[in-house]
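Biologist: Before I form an opinion on this model, I'd like a close look at one part of it: the aromatic side chains. Tell me how the rings sit, and what goes on around them.

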Amino acid sequence: MRGLKKKTYKLFTNSKSSLLRTLVYTIGHFFIAAGVILTVGGVSLIVAMTDAIVEPLLNSVWYFCLDKWWASKSSAEVRG
């Protein structure tokens, strides 16, 4: 278990800027998604809010992974 905690801590300390971009993206997406779902879908507020929270959270995990991969490719180009 110690190894997992150490790896998790290292991931977060080495990913601060990526995590901040991911957080800003997620919060913005909550508002955009809720507005679109309410307008286009004609659903209740609770359904719109549920979808507006769940879907962006999943997208945020995807974005974080993509951003980490992208940054590693950019670093490799600078080094090599």
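Modeller: Trp70 counts as exposed, because its relative accessibility is 56% (exposed is over 50%, buried under 20%, partly exposed in between; 1.4 Å probe, protein chains only). Its neighbour in sequence, Trp69, reaches 46% and therefore counts as partly exposed. Bear in mind that this is a predicted model, where local features need pLDDT of at least 70 and side-chain atom pairs 80 or more, while totals for chains, interfaces and linings use all residues. Numbering runs from 1 along each chain as its sequence is written, and side-chain values use heavy atoms, with hydrogens and water left out.

For the setting, the protein chain has three helices and zero strands (DSSP runs numbered from the N terminus: H or I of at least four residues for helices, E of at least two for strands). Along the sequence that reads as α-α-α. Of the chain's 80 residues, 18% count as buried.

Now the rings. How many aromatic pairs does a search of the whole structure find? Two (Phe, Tyr or six-membered Trp rings with centres within 6.5 Å; planes under 30 degrees apart are stacked, over 60 edge-to-face, the rest tilted). One of them is Tyr25 with Tyr63: the ring centres are 5.3 Å apart and the planes meet at 15°, so this pair is stacked. It ties together distant parts of the chain, as Tyr25 belongs to helix H2 and Tyr63 to helix H3, with their positions 38 residues apart. As for cover, Tyr25 is at 34% relative accessibility, so it counts as partly exposed. Tyr63 is partly exposed too, because its relative accessible area is 25%. The two tryptophans we began with, Trp69 and Trp70, also pair up, but edge-to-face: their centres are 6.2 Å apart and the angle between the planes is 75°.

H2 and H3 have another link worth a look while you're zoomed in. The whole structure holds one salt bridge (a Lys or Arg side-chain nitrogen within 4 Å of an Asp or Glu carboxyl oxygen). Asp67 and Arg21 are the partners, and their closest N and O atoms are 2.7 Å apart. Here again distant parts of the chain are joined: Arg21 sits in H2 (residues 16–41) and Asp67 in H3, 46 residues apart. The acid end is buried, because Asp67 has a relative accessible area of only 13%. Arg21, at 40%, counts as partly exposed.

So where do the buried side of H2 and its end come in? In H2, the buried residues are Ser18, Thr22, Thr26, His29, Ala33, Ala34 and Ile37. An α-helix has 3.6 residues a turn, so residues three or four places apart point the same way. Just after H2 comes Gly42, with a positive phi of about 65°.

Put side by side, then, H2 and H3 are linked by the stacked tyrosines, Tyr25 and Tyr63, and by the Asp67–Arg21 salt bridge. The Trp69–Trp70 pair adds the edge-to-face arrangement, with Trp70 counting as exposed at 56%.
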